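Visitor: Please give me a close look at one part of this model: the charged side chains and how they pair. Start with a single residue, then work outward to its setting.

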Amino acid sequence: MAKKILVLFIFLIYLSCVQTSDKKDESTIRGNYHAECLRGEITVYGEAPIFTSVSAAKNKAKEDACRKAVEKCIGNQVASYSNVADGQSITNEIFSKAQGICKNDQIIDEQQYNLDTIKMLKLFVRFKVDKAEIQNQINTMQKLVGNPKIIVLLREEYIMPGSPKKVFDFNSRDGVAASQIRNVLISKGYELLDPGSIARQITNTEIVAEDPTKLSENIKDLALKAGADVLIIGNIETKQQNSTVPQFKSYQAVGTINIISLWGQGELIGTYSGQSIGGIGVTDIQAAQESVKRYAVGTDPNPEKKLGGFVKFAHEKLQAKWSEITRNNKILMKIYGLEPAKAGIFRDDLIERTAVKNINEISTSQKEIIWEVIYPGREFALRDTLAFYGEDPRMFVVVKETGKKIEIIDVKKGEIKINFK
């Protein structure tokens, strides 16, 4: 009898150890992501439906796991520092640049299960990550998403007595204002993009400089695809004025510069107009250029340290408005091939399973459903989520309910068109 009790006692201890071990393994698989990243590895799971083959689903599940690793190791930290979006939307913004952290993948567990009629593959994957590389990526990505990327398009006109009007157009390398503004904004942490390829495609520069609303949507789309978030666009004109010192020339600059967001429907962030304190020089062109410089960046000899003129206005406006714009980007979503009766399922999917914050219904018909989607990121980031998970019933219940996959038709500034196919 005592022997039986001893055997039973040993068996109970064995069961306890197995259960404890199982719990430990499960805890390891779930992981403390922050601690894991700092330790040099991260274990995450990825899932994908099995449509054509297990090997194809495995590759898709690995990428899903890598996206989770990027979000946990980089996205959440960047989001908390930059205060412009959540980790998921930032992950979609930076994934193509940051997926290099997913190295030496090791599948530690593989499972298949049925989600209604669809077979799913779930992988637990361990990635080796480098702590220094992660911090470097965080620093890089903060710059990527923290401040807007800007293209400056300024037209300068110099009207001087006895000389033909001198014009420096959008694509000129000799304009004073654009180069001065770029230098100061770079010193404040903004990324400035080369305007050349965009400027060369604007044919009506004089009209657009005076009235930026005449800038075509095609040009804005090109600027957005080039990576720009903001356009600074306008016209500055100089005219001679009376000089209090006879041996010097004096000029004054006047103009209007607009700051336009390329997110959503293209919000006008601010308009700067007025005139500069007179510029003084020995020659007409020297005085005129000095007046333009003062209009652009003020009178301080070190404008990077003490902001003035237009650049002071621009920096204050962008600091006040940019995080608000990026947290609440308004995207027009046009949906085709989805029955109105099933639209509510898709609406819930977007709000519950993606970074979408809210949806305002604009119109609904059998042919087309139009929503205004509030999203903390660019339309390209939302497109990436829809494209990657568009056939995944785990992510989008509407896929399971309708048997249709989400297909991206078109993406442009402030608009996404999708089709259920």
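Guide: Start with D211. This is a predicted model, and in it D211 has a relative accessible area of 26%. That places D211 in the partly exposed class, because this class runs between the buried cut-off of 20% and the exposed cut-off of 50%. What does D211 pair with? The side chain of D211 meets that of K214 in a salt bridge, at 2.9 Å from N to O. K214 is partly exposed as well, with a relative accessible area of 47%. The value for K214 is 47%, so K214 stays under the line for exposed, which is drawn at over 50%.

The principle is simple. Side chains of opposite charge can pair when their charged atoms come close. How many salt bridges does a search of the whole structure find? The count is 29. A few of them deserve a look.

Take E157 and R155. Their closest N and O atoms are 2.3 Å apart, and the two residues form a salt bridge. Are E157 and R155 buried or exposed? Both are buried. That puts each of them under 20% relative accessible area.

Now go to E352 and R353. This salt bridge has its closest N and O atoms 3.7 Å apart. A pair counts when the nitrogen lies within 4 Å of the carboxyl oxygen, so the E352 and R353 pair at 3.7 Å qualifies. E352 has 57% relative accessibility and therefore counts as exposed. R353, at 28%, counts as partly exposed.

Charged residues also link up in a network. Which residues does the network of salt bridges hold? They are E47, D64, K68, D392 and R394. Two names lead on to a cavity. E47 and D392 belong to the network, and E47 and D392 also help line the largest cavity. The full lining is E47, A48, P49, K60, F388, Y389 and D392. By class, that is 4 nonpolar residues, 3 charged ones and no polar ones. The space inside is about 40 Å³.

Which elements supply the lining? β1 (41-49) and α13 (379-389) each give at least two residues. The largest share, 3 residues, comes from β1. Turn next to α13 itself. 9 of its 11 residues are buried, so α13 is largely enclosed by the rest of the structure. The buried set is E379, F380, A381, L382, D384, T385, L386, F388 and Y389. The acidic E379 and D384 are among these buried residues. F388 and Y389 are buried, and F388 and Y389 also line the largest cavity. One general point helps when reading a helix. An α-helix has 3.6 residues a turn, so residues three or four places apart point the same way.

The structure holds 2 cavities of 30 Å³ or more. The second largest has a volume of about 30 Å³. Its lining is L154, E156, F168, D169, F170, S172, G175 and A178. These divide into 4 nonpolar, 2 polar and 2 charged residues. The charged ones are E156 and D169.

Two more charged residues are worth placing. R182 is found in helix α6 (residues 176-187). R182 is buried, with a relative accessible area of 18%. Its C-alpha lies 8.8 Å from that of I151, though R182 and I151 are 31 residues apart in sequence. E133 lies in helix α5 (residues 131-146). E133 is partly exposed at 23%. From the C-alpha of E133 to that of G100 is 9.4 Å, and 33 residues separate E133 and G100 along the chain.

For contrast, here is a part of the surface without charge. V245, F248, I280 and V282 form a nonpolar patch there, with about 310 Å² of accessible area together. V282 sits in the loop between β10 (279-281) and α10 (284-297). V282 counts as exposed, at 53% relative accessibility.

One backbone detail closes the tour. Most residues other than glycine have a negative phi. The phi of N104 is positive, near 50°. N104 belongs to strand β2 (residues 103-115). N104 is exposed, with a relative accessible area of 61%.

Terms used:
Residues are numbered from 1 along each chain as its sequence is written. This is a predicted model: local features need pLDDT of at least 70, side-chain atom pairs count only at pLDDT 80 or more; totals for chains, interfaces and linings use all residues. Side-chain values use heavy atoms; hydrogens and water are left out. On a 1 Å grid over the protein atoms alone, a cavity is a set of points where a 1.4 Å probe fits but cannot get out, and a pocket is an open set with protein on both sides within 12 Å along at least five of seven lines; lining residues have an atom within 4 Å of a point. Grid points are joined across faces, edges and corners, and a volume is the space filled by probe spheres set on the points. Helices (H or I, at least four residues) and strands (E, at least two) are DSSP runs, numbered from the N terminus. Patches are made of residues with over 30% relative accessible area and no salt bridge: like charges are joined within 9 Å, nonpolar side chains (Val, Leu, Ile, Met, Phe, Trp, Tyr) within 5 Å. Accessible areas come from the Shrake-Rupley method with a 1.4 Å probe; for residues, only the protein chains shown count as cover. Buried means under 20% relative accessible area, exposed over 50%, partly exposed in between (1.4 Å probe, protein chains only).
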